[in-house]
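Please look over the sequence and the model below before reading on. The paragraphs after it are meant to be read with both in view.

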Amino acid sequence: MNPAAHPHRPRRRFGQHFLVDQNVIARLVAALAPAPGERIVEVGPGSGALSDVLAAGLAPPAELYLIELDRDLAGTLAKRYRNLAHVRVIQADALDFDFVTLAAGRPLRLIGNLPYNISTPLLFHFFSAGGAFCDLTLMVQREVAARLLAAPGGRVYGRLSVMGQYHCSGEHLFDVPPEAFRPPPKVQSSVIRLVPRPPRCADQSQYERFATLVRTAFNQRRKTLRNSLAPLLDAAAIRAAGLDPKARPETLAVEDYLRLARATPVAVSRS
């Protein structure tokens, strides 16, 4: 069904920019490459342009879940797919949605055009539910994609880079111009694929130390580790982890921060 048959004025408070370019939609579906029997979740289906293609290409026992915050859009989608047993529309906020419970031990494949105004919080929410996903095919602002995939030492390498690369391996798939959307955003977009990694911290306490160290370091990224991490580690502890206290936060790889977390003698506050 043509989404244009259900006109909807994009709402700025939801950061709505609806994907309308059929060539881009085809590339997204090809990148996802859904297989029979898979469980797929689309976050922010909006007017349903991508959802229509996914729904038409799947059949039971495959399952397609559409998670939409906007009540009007969710209602429209629910009516559109009411006769498709393998499609379920869930009116909910993806920022606090329980993907782990939805997965129930059968990992999901996630796809979505993330609202630019909440893309980073959404990514961290996905990271926290990493075990729920096989992979994530996401359209994000091009700058966010660059930060996620950046190598140590680069200008855009930061907290999102370290935390994203701790949780997932990632690759850039293709870019999407503003004119592929209605209304066109003022930024370029990129499609990326993320594949969750196994945990590399020994336990939750060590992970919390790691996350706090990363956040603290990049809160003052222009300073050396000796200064930026002073509330948590002294120079001797940094050297004991095999790192130079005079190094700057953006020069450290994920494994370097893990070594610092293992060298931290006590749990550190997450506040």
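What follows is a walk through a few helices, a strand and some aromatic rings of this predicted model.

A convenient place to begin is helix α1, which spans residues 22–32 and contains Ile25. Ile25 is buried, because its relative accessible area is 0% and the limit for that label is under 20%. Its C-alpha lies 5.9 Å from that of Leu50, although the two residues are 25 positions apart in sequence. Once its neighbours within four places in sequence are set aside, Ile25 is in contact with Leu19, Ala49, Leu50 and Val53.

Strand β5, residues 108–113, holds Arg109, and this residue is also buried, with a relative accessible area of 9%. The side chain of Arg109 makes a polar contact of 3.0 Å with the side chain of Glu38. Apart from neighbours within four places in sequence, the residues in contact with Arg109 include Leu32, Ala33 and Pro34, as well as Cys134 and Asp135.

Helix α7 is mostly covered, since 8 of its 9 residues have a relative accessible area under 20% and are therefore buried; among them are Val162, Gln165 and Tyr166. The cover over these buried residues includes the helices α5, α6, α8 and α11 together with the strands β7 and β9. With α11, which runs over residues 254–263, the axis of α7 comes within 9 Å and crosses at roughly 90°, so that α7 is roughly perpendicular to α11. In this crossing Val162, Gln165 and Tyr166 of α7 meet Val254, Tyr257 and Leu258 of α11, and the residues of the contact comprise 5 nonpolar, 1 polar and no charged.

The aromatic rings offer another way to follow the chain, with 10 aromatic pairs in the model. Phe99 and Phe126 form one of them, an edge-to-face pair whose centres are 5.7 Å apart and whose planes are 75° apart. Because Phe99 lies in helix α4 and Phe126 in helix α5, this pair ties together parts that are 27 residues apart in sequence. Phe99 counts as buried at 1% relative accessibility, and Phe126 is buried with a relative accessible area of 1%. Tyr166 and Phe210 form a tilted pair, at 4.8 Å centre to centre and with 40° between the planes, and this pair links Tyr166 in helix α7 with Phe210 in helix α8, 44 residues apart. Tyr166 counts as buried at 4% relative accessibility, while Phe210 is buried at 0%. Finally, Phe99 and Phe126 also belong, with Phe97 and Phe133, to one aromatic cluster.

Terms used. Residues are numbered from 1 along each chain as its sequence is written. This is a predicted model: local features need pLDDT of at least 70, side-chain atom pairs count only at pLDDT 80 or more; totals for chains, interfaces and linings use all residues. Side-chain values use heavy atoms; hydrogens and water are left out. Helices (H or I, at least four residues) and strands (E, at least two) are DSSP runs, numbered from the N terminus. Buried means under 20% relative accessible area, exposed over 50%, partly exposed in between (1.4 Å probe, protein chains only). A polar contact is a pair of N or O atoms within 3.5 Å; within protein, one must be able to donate a hydrogen and the other to accept it, and residues adjacent in sequence count only if both atoms are side-chain atoms. Contact means heavy atoms within 4.5 Å. Axes are lines fitted to C-alpha atoms, for helices over the stretch in contact, and angles run from 0 to 180 degrees between N-to-C directions. Angles under 35 degrees count as roughly parallel, over 145 as roughly antiparallel, 65 to 115 as roughly perpendicular and the rest as oblique. Ala, Val, Leu, Ile, Met, Phe, Trp, Tyr, Cys and Pro count as nonpolar, Asp, Glu, Lys and Arg as charged, and the others, Gly among them, as polar. Rings of Phe, Tyr and Trp (its six-membered ring) pair if their centres lie within 6.5 Å; planes under 30 degrees apart count as stacked, over 60 as edge-to-face and the rest as tilted.
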